[in-house]
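This briefing is for a reader who has not seen this structure before. Please look over the sequence and the model, then read the notes below.

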Amino acid sequence: MGKSVRETFRVAAEPDLAVVDPRDRPIGPKDKSAAAEDMADLGARLDRLQEALYAEATGAGHRSVLVVLQGMDTSGKGGVIRHVGGLVNPQGLHIASFKKPTPEELEHDFLWRVRKQVPHPGLIGLFDRSHYEDVLVPRVEGSISDDALRHRYEEINAFEAELVGRGVTVLKCLLHISPHEQAERLLARLDDPTKRWKYNPGDLDSRARWRDYQRAYSDALRYCDSDAAPWYVVPSDRKWYRNWAVASLLAETLAELDPQFPQPNIDVDAERARLAASLLG
């Protein structure tokens with residue numbers, strides 16, 4: 001029996017992003033058309049599982065799922081939210097995006113704004129960036145000491161353990177792209193008048209620190225991976241494969257949770273009789 005999707009993409013014990021091929025397809029479909037067929041099946045599975053998770057919460061269930069999406073600019077965080085989140089009922093989703101902290105957010109600890117966005121029971125949360133921005137960016141910019149950085153790793157691990165203890169299943173995905181692919185996507189934004197609004201000149205500043213960011217990501221994976229809140233590295237140069245991989249990770253995770261529809265506290269036969277009587281009246 002082959003590896004599961006989660007086993008395939010689970011980060012190595014000693015992460016080194018330089019040895020992970022962003023165009024790799026280690027499992028699943030090998031071309032776009034096959035991925036499209038698989039996505040149709042995945043959509044049906046995810047829709048059923050998400051409905052059960054949502055319904056379970058109406059019966060006092062306490063479980064939810066949080067999908068954390070991290071990656072360099074243009075890696076496809078928004079694309080995953082659109083193409084994977086779009087496979088299920090939007091009423092069962094909670095989507096949050098984390099940008100540069102506001103003055104109000106800076107008055108609190110770095111997890112303050114994140115805690116407010118944790119999905120409630122029955123929901124699938126999708127984070128476009130996350131609390132990991134607060135270890136990645138300061139590290140690359142040199143605005144945090146080594147001691148403070150280690151403390152933040154510890155705070156993140158404690159926070160994620162707390163979430164798991166509350167019934168939140170944490171699924172962390174690093175969307176791994178190559179600098180060549182990023183350049184192609186940035187150029188495509190400049191070439192398309194309808195996409196230029198997405199172009200941010202500051203992306204080139206981050207791009208100039210590519211190696212620094214790769215080292216920062218590797219350390220975040222190393223220090224904040226756990227069996228309770230694992231990291232998965234998703235090859236993301238091929239958009240169709242990236243979407244399939246994250247959808248598969250989510251489907252596998254939900255299937256293991258096995259959410260159950262609650263049993264109604266009603267007499268079904270009696271309600272059928274009442275309904276029949278109402279039709280006759």
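Which side chain meets that of arginine 222 in a salt bridge with a distance of 2.4 Å, N to O? The partner is aspartate 219. The model is a predicted one, and the points below cover its salt bridges, a strand, its cavities, its largest pocket and two of its helices.

**Salt bridges**

- The whole structure holds 20 salt bridges.
- Arginine 222 and aspartate 219 are 3 residues apart in helix H10, so about one helical turn separates them.
- In general, an α-helix has 3.6 residues a turn, so residues three or four places apart point the same way.
- Aspartate 219 is buried because its relative accessible area is 16%, under the 20% limit for that class.
- Arginine 222 has a relative accessibility of 27% and therefore counts as partly exposed.
- Glutamate 14 also forms a salt bridge with arginine 222, and the closest N and O atoms of this pair are 3.1 Å apart.
- This second pair links distant parts of the chain: glutamate 14 is in the loop between helix H1 (5-9) and helix H2 (32-58), arginine 222 is in helix H10, and their positions lie 208 residues apart in the numbering.
- Glutamate 14 is exposed because its relative accessible area is 57%, over the 50% limit.
- Glu14, Arg139, Asp219 and Arg222 are joined into one network by salt bridges that share partners.
- Elsewhere, glutamate 162 forms a salt bridge with arginine 115, with the closest N and O atoms 3.0 Å apart.
- That pair too links distant parts of the chain, with glutamate 162 in helix H7 and arginine 115 in helix H5, 47 residues apart.
- Glutamate 162 is partly exposed at 32% relative accessibility, and arginine 115 is partly exposed with a relative accessible area of 39%.

**Strand S1 and its partners**

- Strand S1 spans residues 64-71, and 8 of its 8 residues are buried.
- Both faces of S1 are covered: one side carries Ser64, Leu66, Val68 and Gln70, and the other carries Val65, Val67, Leu69 and Gly71.
- S1 runs parallel to strand S4 (residues 168-176), and 8 bridges join the two.
- Glycine 71 of S1 has leucine 175 as its bridge partner in S4.
- S1 also runs parallel to strand S3 (residues 124-128), to which 5 bridges join it.
- In S3, isoleucine 124 stands opposite valine 65.

**Cavities**

- There are 2 cavities of 30 Å³ or more in the structure.
- The largest cavity has a volume of about 50 Å³.
- Residues lining the largest cavity include Gly71, Leu175, Trp210 and Tyr217.
- S4 and helix H10 (210-223) are the elements that give two or more residues to this lining.
- By class, the lining of the largest cavity has 7 nonpolar, 3 polar and no charged residues.
- The second largest cavity has a volume of about 40 Å³.
- Its lining is made up of Val84, Gly85, Val88, Leu93, Ile124, Leu126 and Leu250.
- These divide into 6 nonpolar, 1 polar and no charged residues.

**The largest pocket**

- The largest pocket holds about 1,700 Å³ of space.
- It is lined by 46 residues, of which Asp73, Thr74, Lys77, Arg129 and Asp203 are the closest to its centre.
- The elements that give two or more residues to the lining of the largest pocket include helix H3 (77-83), helix H8 (179-191) and helix H9 (202-207).
- Helix H6 gives the most to this lining, with 6 residues.
- The lining of the largest pocket has 13 nonpolar, 12 polar and 21 charged residues.

**Helices H6 and H11**

- Glu133, Asp134, Val135, Leu136, Pro138 and Val140 are the buried residues of H6.
- S1, helix H5 (112-115), helix H7 (146-165) and H10 are among the elements that cover the buried residues of H6.
- Glycine 142, just after H6, has a positive phi of about 70 degrees.
- Helix H11 (residues 239-257) contains threonine 253.
- Threonine 253 is buried because its relative accessible area is 6%.
- Apart from neighbours within four places in sequence, threonine 253 is in contact with Arg6, Thr169 and Leu171.

Note on methods: Residues numbered from 1 in each chain as written. Predicted model: local features only at pLDDT ≥ 70, side-chain atom pairs only at ≥ 80, totals over all residues. Heavy atoms only, no water. Buried < 20%, exposed > 50% of the residue type's maximum accessible area, 1.4 Å probe, protein only. Helix = DSSP H or I, 4+ residues; strand = E, 2+ residues; numbered from the N terminus. Pairing = 2+ DSSP bridges. 1 Å grid on protein atoms, 1.4 Å probe; cavity = no way out; pocket = protein on both sides within 12 Å on 5 of 7 lines; lining within 4 Å. Points joined across faces, edges and corners; volume = space filled by probe spheres on them. Nonpolar A, V, L, I, M, F, W, Y, C, P; charged D, E, K, R; others polar. Contact = heavy atoms within 4.5 Å. Salt bridge = Lys/Arg side-chain N within 4 Å of Asp/Glu carboxyl O.
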